[in-house]
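Hello,

Here is the structure I promised to pass on to you. Please open it next to this email, and my notes on it follow below.

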Amino acid sequence: LVIAPGALGTCDELFEIITLMQTGKIGRKLPIILIGKKFWNDCIKWEAFVEYGMISEEDASQLIFADSADEAFPQLIAGLERIEAASSAQ
């Protein structure tokens with residue numbers, strides 16, 4: 001899942017996907033790539049969610065920050081390969 005900077009609707013969709021993975025409604029741990037490192041880290045203090053116990057370190061580690069398609073693409077491929085490897089191991 002690749003997400004570009006956006007407003008409240010974008011954040012709503014992002015949090016919905018994360019929630020669905022946390023609750024097991026989406027069984028796979030999809031790679032979540034956020035384009036615009038500065039934007040996402042300025043707008044949302046991700047570590048505060050961990051510090052306050054709202055999300056786990058594992059949930060936070062699913063978030064991958066990138067500034068360009070060239071930077072995001074290898075991360076997307078690696079995430080999809082992890083999903084594929086986990087599926088074939090079952």
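The face of helix α5 that is turned away from its buried side carries the exposed residues D70, F73, E81, E84, S88 and A89. Please bear in mind that this is a predicted model, and that the values in this email are computed from it.

Which residues of α5 are buried? They are A72, L76, G79 and I83. Seen down the axis of α5, these buried residues fall within an arc of 70°, so they line one face of the helix. The general rule helps here: an α-helix has 3.6 residues a turn, so residues three or four places apart point the same way. As for what they pack against, the buried residues of α5 meet β1 (2-3), β2 (32-35) and β3 (63-66).

The length of α5 also works out. The helix runs over residues 69-89, and at 1.5 Å a residue its 21 residues should span 30 Å; the C-alpha atoms at its ends are 30 Å apart, which agrees.

Now to helix α1, residues 8-22. From first C-alpha to last, its 15 residues reach 21 Å, close to the 21 Å expected at 1.5 Å a residue. Its buried residues are C11, L14, I18 and M21. They cover an arc of only 90° around the axis, which puts them on the same side of α1. L8 and E13 are exposed on the other side of α1. And what covers the buried residues of α1? The cover includes β1, β2, α2, α3 (46-51) and β3. After α1 comes G24, which has a positive phi, near 80°.

There is a pocket to look at, too. The largest pocket has a volume of about 240 Å³. Its lining is made up of 14 residues, and R28, K29, L30, R82 and I83 are the ones that lie nearest its centre. Helix α5 gives the most to this lining, with 5 residues. By type, the lining of the largest pocket divides into 5 nonpolar, 6 polar and 3 charged residues. Note that I83 turns up twice in these notes: it is one of the buried residues of α5, and it is among the residues nearest the centre of the largest pocket.

Three single residues may be worth finding on your screen.

- Q62 sits in the loop between α4 (57-61) and β3. Is Q62 buried or exposed? With a relative accessible area of 13%, Q62 counts as buried, because the cut-off for buried is under 20%. Leaving aside residues up to four places away in sequence, Q62 touches M21, K29, L30 and I32. Of these contacts, M21 is one of the buried residues of α1, while K29 and L30 are among the residues nearest the centre of the largest pocket.
- D42 is found in helix α2, residues 37-43. D42 is partly exposed, at a relative accessible area of 44%. Along the chain D42 and Q62 are 20 residues apart, and their C-alpha atoms are separated by 18 Å.
- S61 has its place in helix α4. S61 is exposed, because its relative accessible area of 54% is over the 50% cut-off. The C-alpha atoms of S61 and L8 are separated by 22 Å, with their positions 53 residues apart along the chain.

Best wishes

Note on methods:
Residues are numbered from 1 along each chain as its sequence is written. This is a predicted model: local features need pLDDT of at least 70, side-chain atom pairs count only at pLDDT 80 or more; totals for chains, interfaces and linings use all residues. Side-chain values use heavy atoms; hydrogens and water are left out. On a 1 Å grid over the protein atoms alone, a cavity is a set of points where a 1.4 Å probe fits but cannot get out, and a pocket is an open set with protein on both sides within 12 Å along at least five of seven lines; lining residues have an atom within 4 Å of a point. Grid points are joined across faces, edges and corners, and a volume is the space filled by probe spheres set on the points. Helices (H or I, at least four residues) and strands (E, at least two) are DSSP runs, numbered from the N terminus. Ala, Val, Leu, Ile, Met, Phe, Trp, Tyr, Cys and Pro count as nonpolar, Asp, Glu, Lys and Arg as charged, and the others, Gly among them, as polar. The expected span of a helix is 1.5 Å times one less than its number of residues. Buried means under 20% relative accessible area, exposed over 50%, partly exposed in between (1.4 Å probe, protein chains only). The arc is that of the directions from the helix axis to the C-beta atoms. Contact means heavy atoms within 4.5 Å.
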